[in-house]
Amino acid sequence: MNETIRSLLAKVGGLSISVEAISDEADLYAAGLSSFASVQLMLGLEEAFDLEFPDHLLNRKSFASIAAIEATLSTILEDRKVA
């Protein structure tokens, strides 16, 4: 999951530093992630993991760091298993 997130960030994130230099907990917005890039990232994640982000998870906090993205994806995948 982490590798896929990092790959998509490198592709659409428009970050000011390389994805390899970013820790999992680093603030992606401080590293240059724009609102537009976060939408592009969301679309890429939806395609890569065959899921849809529910409205309540479409917020800055869900995309604040690689760790936050992983937690958000895990929540969506867990909710899908239960449903």
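Let's walk through the salt bridges and one helix packing in this structure, which is a predicted model.

A search of the whole structure turns up 2 salt bridges. In one of them, the side chains of D24 and R6 come together, with N and O 2.7 Å apart. This pair ties distant parts of the chain to each other: R6 sits in helix α1 (2-12), while D24 lies in the loop between α1 and α2 (35-49), 18 residues apart. How buried or exposed are the two partners? R6 has 18% relative accessibility, so it counts as buried, and D24, at 25%, counts as partly exposed.

The other salt bridge joins E78 and K81, whose closest N and O atoms are 3.6 Å apart. Both residues belong to helix α3 (residues 66-82), and because they are 3 residues apart there, about one helical turn separates them. E78 is partly exposed, with a relative accessible area of 44%, whereas K81 reaches 65% relative accessibility and counts as exposed.

Now turn to the packing of α1 and α2. Their axes are 10 Å apart and make an angle of about 140°, so the two helices are oblique to each other. The crossing of α1 and α2 is right-handed. On the α1 side, the contact is made by T4, I5, L8, L9 and V12; from α2 come A37, Q40, L41, G44, L45, A48 and F49. What kinds of residue make up the contact of α1 with α2? They divide into 9 nonpolar and 3 polar, with no charged residues.

Conventions. Residues numbered from 1 in each chain as written. Predicted model: local features only at pLDDT ≥ 70, side-chain atom pairs only at ≥ 80, totals over all residues. Heavy atoms only, no water. Salt bridge = Lys/Arg side-chain N within 4 Å of Asp/Glu carboxyl O. Helix = DSSP H or I, 4+ residues; strand = E, 2+ residues; numbered from the N terminus. Buried < 20%, exposed > 50% of the residue type's maximum accessible area, 1.4 Å probe, protein only. Axes fitted to C-alpha atoms, helices over the stretch in contact; angles between N-to-C directions. Parallel < 35°, antiparallel > 145°, perpendicular 65-115°, else oblique. Left-handed = near helix turned anticlockwise from the far one by under 90°. Contact = heavy atoms within 4.5 Å. Nonpolar A, V, L, I, M, F, W, Y, C, P; charged D, E, K, R; others polar.
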